[in-house]
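Please open the structure in a viewer and keep the selection panel at hand. The tour below proceeds from one selection to the next.

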Amino acid sequence: MKKISICTRYTPLGASSRLRFYNYHPLLAEQGVSGKIFPLLGDRYLNGLYRGKRVRHLAAASLVKRLMQLPLLEKELLIEYELFPFLPVWFEELILRRRKYILSFDDAVWEKYRGTRLEGKFERLVSRACGVISANNSITDHLKPYNERIIKIPTAIDLEKYTSVPENRDEEFTIAWIGTPVTYQECLLPFSSMLQEASARFDFKLLVIASDKLQRIDGVNMEFVNWSSSAEAELLKRAHIGIMPLPENDFMRGKSAYKLIQYLASGLPCIASPVGENTVLLSQGEVGFAAGTVDEWISAIGKLKEDVLLRSRLGVNALELAGEYSIRKHAVRMADFIKECFNW
């Protein structure tokens, strides 16, 4: 059994860390790669962030916590993004100078540093890494010039968690959106006018799986429920279709299509903005519609609401395509890549 240390940005409450590290942890051990996980930011930080509170003092305290973690780390590291957010690259290089490391990205996090003194930090860290794990094509395209040893591993899903839950579709035509309070603000609210126009045309309920304390969209029939890992599959099985709208910008182009993958595993046809990895997933099979304009969104919602046979056919296709995103399949690939990068 080979040992590594896994340095995540968050605890399991943070979606990126949960989906790309904690969920893989036991499966990597089955493949001979064992590692203790060292999170940077705790639940207090995330809960405050989701409630819109100032959390800078918690972020600063977390950097001290990471310094204290250093003596406990193995010589080989798997790192989510970076060890020390908002600190200069020379400091991180000093810490990493006697260690081998693999960096993992599921967001275009370098865009957060664009135009600041930290611009170029991620590219420099990538150039010195033993390897890079990328969640999507956009990230791969950006980072490959800095490191040829890069593998695309999508944000995969535990299919058994979804297939074990029976369908329980609501009587009312229901559209699902799942995410965090932060992505609700960034990704769904910008499409409020589209949802209002669609609501004026069709009767539907928008089921928001995130938090029951979010801002409502005037004129749209909405149900808000709190997200939990144990309930998400059951909640999604209540809906008839799932949506993933994204604004068009450099950061959103680096987003992975995890919401769509969840919809696939739930047997839901989907509608998504043709941005980044959404386009890649929608091109792999007939599972839904790409919608780049208000008219296209409304047309897609109308077709899926009125045509039950279409929904059924796309739902079957969705379940079939979901197999390509099985976490068990990609855990084997990740373990093999880690062994290759560290010459085990």
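The stops that follow cover a strand, a helix residue, cysteines and salt bridges.

The model is a predicted one, in which local features need pLDDT of at least 70 and side-chain atom pairs count only at pLDDT 80 or more, while totals for chains, interfaces and linings use all residues. Residues are numbered from 1 along each chain as its sequence is written, and side-chain values use heavy atoms, with hydrogens and water left out.

**Strand β7**

Select residues 174–178, which form strand β7. Helices (H or I, at least four residues) and strands (E, at least two) are DSSP runs, numbered from the N terminus. Is this strand enclosed or open? Strand β7 is largely enclosed by the rest of the structure, because 5 of its 5 residues are buried. Buried means under 20% relative accessible area, exposed means over 50%, and partly exposed lies in between (1.4 Å probe, protein chains only).

Display the side chains next. In a regular strand, side chains alternate between the two faces of the sheet. Here Thr 174, Ala 176 and Ile 178 point one way from β7, whereas Ile 175 and Trp 177 point the other way.

Add residues 205–210, strand β8, to the selection; β7 and β8 pair in the parallel sense over 5 bridges. Two strands pair if DSSP finds at least two bridges between them. Within β8, Leu 207 is the bridge partner of Ala 176. Then add residues 241–244, strand β10, which pairs with β7 in the parallel sense over 2 bridges. In β10, Ile 241 stands opposite Ile 175.

**Asn 278**

Move to helix α14, residues 277–282, and select Asn 278. This residue counts as buried, because its relative accessibility is 0%. Which residues does Asn 278 touch, not counting those up to four places away in sequence? The contacts are Met 244, Leu 246, Ala 257, Leu 260, Ala 272 and Ser 273, where contact means heavy atoms within 4.5 Å.

**Cysteines**

Select the cysteines next. The structure holds 0 disulfides, a disulfide being a pair of cysteine sulfur atoms within 2.5 Å. For Cys 7, the closest cysteine sulfur belongs to Cys 130 and lies 14 Å away, too far for a bond. Cys 187 is likewise in no disulfide; its nearest cysteine sulfur, in Cys 270, is 16 Å away. Cys 7 is buried at 0% relative accessibility, and Cys 187 is buried at 3%.

**Salt bridges**

How many salt bridges does a search of the whole structure find? The search finds 23, each defined as a side-chain nitrogen of Lys or Arg within 4 Å of a carboxyl oxygen of Asp or Glu.

- Select Glu 232 and Lys 161, whose side chains meet in a salt bridge (2.6 Å, N to O). This pair links distant parts of the chain, 71 residues apart: Glu 232 is in helix α11 (residues 232–236) and Lys 161 in helix α8 (residues 159–163). Glu 232 is buried at 5%, whereas Lys 161 is partly exposed at 25%.
- Select Asp 250 and Arg 253, joined by a salt bridge (2.2 Å, N to O). About one helical turn separates the two, because they are 3 residues apart in helix α12 (residues 250–253).
- Select Glu 306 and Lys 305 for a salt bridge at 3.9 Å, N to O. Glu 306 is exposed at 55% relative accessible area, and Lys 305 is partly exposed at 23%.
- Finally, select Arg 9, Glu 82, Glu 92 and Lys 121, which are joined into one network by salt bridges that share partners.
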